[in-house]
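Student: Could you walk me through this fold before I set anything up with it? I'll interrupt with short questions as we go.

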Amino acid sequence: MRAAVLRGGSVEARTVDDPVPGPGQLLVRSLACGICASDLHFMDHPEAGADDDSGMSTYDQDVDIVMGHEYCAEVVDYGPGTERRIPVGTRVSSLPVLATPGGRRIIGQNPESPGGFGELFLLTEAITRVVVSDLPSEIVCRRRDLGGLVDRVPRPTLRE
């Protein structure tokens, strides 16, 4: 897949391996992904991730990290042990945390949890939510900046 990859302190467009969903995970296609101030901070101050002893956010300048944690995506496939409650093709979003066998990882700030700056990435099914709004994906991906209203408020219909 194509992705904007952070490595060695710079971001470059590259071809990387497609992520493979593990237990309880969904494979999703990125429809839109916003650039957050924390993305810029992570890129400009990688030592913050290198010094994170929780393991949720890690940085190794010799390893590719696909950033992007403010996203709108569509379900493509399911990992083992999923409930498959969200149909393939459905628009979704979630908190930017991926449950892995090694623990929780921040999506887009760990090599194990690629983010929305790639064509494909992984979500934890249990915390993934269907986007019920008909707002464009480019707006939905900024939902946290909008106080979560995008998921709850339908788009108004204008009448003449």
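Tutor: Let me start with a definition: helices, of at least four residues, and strands, of at least two, are DSSP runs numbered from the N terminus. With that convention, the chain reads β-β-β-α-α-β-β-β-β-β-β-β-α along the sequence, which comes to 3 helices and 10 strands. Please keep in mind throughout that this is a predicted model.

Student: OK, so what is the mean pLDDT of the chain?

Tutor: The mean pLDDT is 84, and 82% of the residues reach 70 or more. Among the elements of the chain, β9 has the highest mean value, 97, whereas helix α2, covering residues 47-50, has the lowest, 60. The pLDDT is below 50 over residues 146-153, a stretch that has 12 contacts in the model beyond near neighbours in sequence. Where pLDDT is low, the predicted coordinates should not be read in detail.

Student: Now the sheet. What's the strand order in the one with 5 strands?

Tutor: The order is β9-β3-β5-β6-β10, in an open sheet with antiparallel pairing. The edges are taken by β9, residues 120-124, and β10, residues 128-130; each has a single partner strand, so one side of each is left without a neighbour in the sheet. On average, neighbouring strands of this sheet are turned by 50° against each other, if direction is ignored.

Student: How many bridges hold β6 and β10 in register?

Tutor: There are 3 bridges between β10 and β6, which spans residues 91-94, and the pairing is antiparallel. To place one of them in the sequence, Val92 has Val130 in β10 as its bridge partner.

Student: And β7 with β8, how are those two joined?

Tutor: A hairpin joins β7 to β8 through 2 residues. The two strands, residues 97-100 and residues 103-106, pair in the antiparallel sense over 4 bridges, and the bridge partner of Val97 in β8 is Ile106.

Student: Switching to charges, how many salt bridges does the structure hold?

Tutor: It holds 5 salt bridges. One of them is between Arg29 and Glu74, whose closest N and O atoms are 3.6 Å apart. Arg29 lies in strand β3 (residues 25-34) and Glu74 in strand β5 (residues 70-78), so this pair ties together parts that are 45 residues apart in sequence.

Student: Are Arg29 and Glu74 buried or exposed, or something in between?

Tutor: Both fall in between, since partly exposed covers the range from 20% to 50% relative accessible area. Arg29 is partly exposed at 37%, and Glu74 is partly exposed at 22%.

Student: What about Glu112, which residue does it form a salt bridge with?

Tutor: Its partner is Arg105, with the closest N and O atoms 3.4 Å apart. The surroundings of the two ends can be given separately: Glu112 is partly exposed, with a relative accessible area of 43%, while Arg105 counts as buried at 9%. Elsewhere, Arg7, Glu12, Arg14 and Asp64 are joined into one network by salt bridges that share partners.

Student: Within that network, what's the N to O distance for Arg14 and Glu12?

Tutor: Their side chains meet in a salt bridge at 3.5 Å, N to O. Arg14 has a relative accessible area of 22% and is partly exposed, and Glu12 also counts as partly exposed, at 40%.

Student: Let's do loops. Where is Ser133, and what does its side chain reach?

Tutor: Ser133 is in the loop between β10 and α3, the helix at residues 137-140. The Ser133 side chain reaches the backbone nitrogen of Leu135 at 3.0 Å, and Ser133 counts as buried, with 5% relative accessibility.

Student: Which residue has a positive phi although it is not a glycine?

Tutor: That is Arg84, with a phi of about 55°, and Arg84 is found in the loop between β5 and β6.

Student: Last one, on the chain as a whole: what share of the residues is buried?

Tutor: Buried residues make up 44% of the 160 residues. As for contacts with a separation of 6 or more, 70% of them are between residues 24 or more positions apart.

Notes:
Residues numbered from 1 in each chain as written. Predicted model: local features only at pLDDT ≥ 70, side-chain atom pairs only at ≥ 80, totals over all residues. Heavy atoms only, no water. Pairing = 2+ DSSP bridges. Axes fitted to C-alpha atoms, helices over the stretch in contact; angles between N-to-C directions. pLDDT = per-residue confidence, 0-100. Contact = heavy atoms within 4.5 Å. Buried < 20%, exposed > 50% of the residue type's maximum accessible area, 1.4 Å probe, protein only. Polar contact = N/O pair within 3.5 Å; in protein donor to acceptor, adjacent residues only side chain to side chain. Salt bridge = Lys/Arg side-chain N within 4 Å of Asp/Glu carboxyl O.
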